[in-house]
Every structure is written in structure tokens, then in C-alpha cells.
Amino acid sequence: MAVITLINENKTIEVPIGANLRQALRFNKISPYKGISKILNCRGEGLCGTCRVEVIDGKGVSSRKEDEENILISSLPFYARKIEKNIRLTCQTNVTGDVSVKTFPIVEIDKIETKRLLIKSGIVALFTFIFGGTFLVMFLDMIKWI
Ligand code: FES
């Protein structure tokens, strides 16, 4: 068994080694979600990035994988977050030993990367609009709609 110390909740819970952190928290009626993400989340599929916690000393949990890191940085194509090494998605983290966890960590937006992604998304949207519109007009002309 491993002990999870929840700093914000001032609580400790005991879980089996290898337990999924999200399931362990929810089983003990502790939500890793805040605000609207309590309803709008991916239910542990590792896609939404809303179940973030801070693992205080970075020990007692499985290592962070590349997919998890990508979702932590950005779950949408037009913004990016600054993510420290000890920020984890509870749904992608297994408990390997005693661990201290802080729910609802403060995460900042990476302004430079967000600006780059916004420009990239804008260019893609513009090309989609131009070429999509052209093909739509051609298609409507072909079927003699216009
Ligand atoms: S619940 Fe969506 S990423 Fe963990």
C-alpha cells in the first residue's frame, strides 16, 4: 500500500501500489477537476488535460510519457501552457509509492508559443476558407445550383 498526502485537502489516503491516481482520488471523493471541467472532461482518456495535479517532490508516481506531456502543454491547437516537470495528469499517472499531491496547480500560458500557434491556426483557417469556398462554388456551379 502507498499513502497519498493531499496538501490542499489536508488529507491522506491509502491506495494499492500501481493504482491510477485519478481513480484513487475519485474513489475517495476528491475531484481533480475545477469549474466547468467537472462536467466537461474526457473521463480519464488523457485527452482534455483538465485533471492536472502537482506531485510535490516528483516521487512516488510513474514517469511522464510524451503523450501526457503533449496534452499538458496544449489540449487545443491554438494555445500552449508552461508546464513544470512535476505537473501530471492524474488519469495518466500510477502510484508507485508514497506521494504528496497538490490539486489545482497554477499553470501559466506560454505566450510566445501561443502566439506562434495562433498565427499557424490563422493561416490554416485562411487557406481552408479560400480553398473550401472555391471548391464549394465550383461544386455548386457543376450541379447548376448557381
Ligand atoms: S481526465 Fe482528461 S486528461 Fe485526464
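**Cores, strand pairing and domains of the predicted model**

The largest nonpolar core consists of 12 residues: I4, V15, A19, L21, A24, L25, V53, V55, V61, V95, V99 and V101. Helix α1 (21–27), β3 and β6 each give two or more residues to this core. Its largest share, three residues, comes from α1. The model is predicted.

V95 belongs to this core. Leaving aside residues up to four places away in sequence, V95 touches A2, I4, V15, I17, G18, A19, L21, A24, G60 and V61. A second core is separate and holds eight residues, among them I71, L72, I83 and L89.

Helix α2 spans residues 66–73, and its buried residues are E68, I71 and L72. Viewed down the axis of α2, these buried residues fall within an arc of 105 degrees, so they line one face of the helix. An α-helix has 3.6 residues a turn, so residues three or four places apart point the same way. The face of α2 turned away from the buried side carries E66, D67 and N70, which are exposed. On the buried side, the packing partners of α2 are β3 (52–55), β4 (81–82) and β5 (87–89). Two of the buried residues of α2, I71 and L72, are included in the second core. Strand β3, against which the buried residues of α2 pack, is also among the elements that give two or more residues to the largest core.

Strand β1 (residues 2–6) pairs with two strands, β2 and β6. With β2 (residues 11–15), the pairing is antiparallel and runs over five bridges. The two strands form a hairpin, with four residues between them. In the turn, N10 has a positive phi of about 55 degrees. With β6 (residues 99–103), β1 pairs in the parallel sense over three bridges. L6 has bridge partners in both neighbours of β1: K11 in β2 and V101 in β6. V101 is also a residue of the largest nonpolar core. That core takes I4 and V15 as well; I4 lies within the bounds of β1 and V15 within those of β2.

The domain assignment divides the chain into domain 1 (2–109) and domain 2 (111–146). Their C-alpha centres lie 37 Å apart. Five residues from domain 1 and six residues from domain 2 take part in the contact. On the side of domain 1 that touches domain 2, five residues are nonpolar, with no polar and no charged residues.

Definitions and conventions
Residues numbered from 1 in each chain as written. Predicted model: local features only at pLDDT ≥ 70, side-chain atom pairs only at ≥ 80, totals over all residues. Buried ≥ 20, exposed ≤ 12 C-beta atoms within 10 Å, placed from the backbone. Arc of directions from axis to C-beta. Contact = placed C-beta atoms within 7 Å. Pairing = 2+ DSSP bridges. Core = buried A, V, L, I, M, F, W, Y, C linked by C-beta atoms within 7 Å. Domains from an automatic or database assignment. Nonpolar A, V, L, I, M, F, W, Y, C, P; charged D, E, K, R; others polar.
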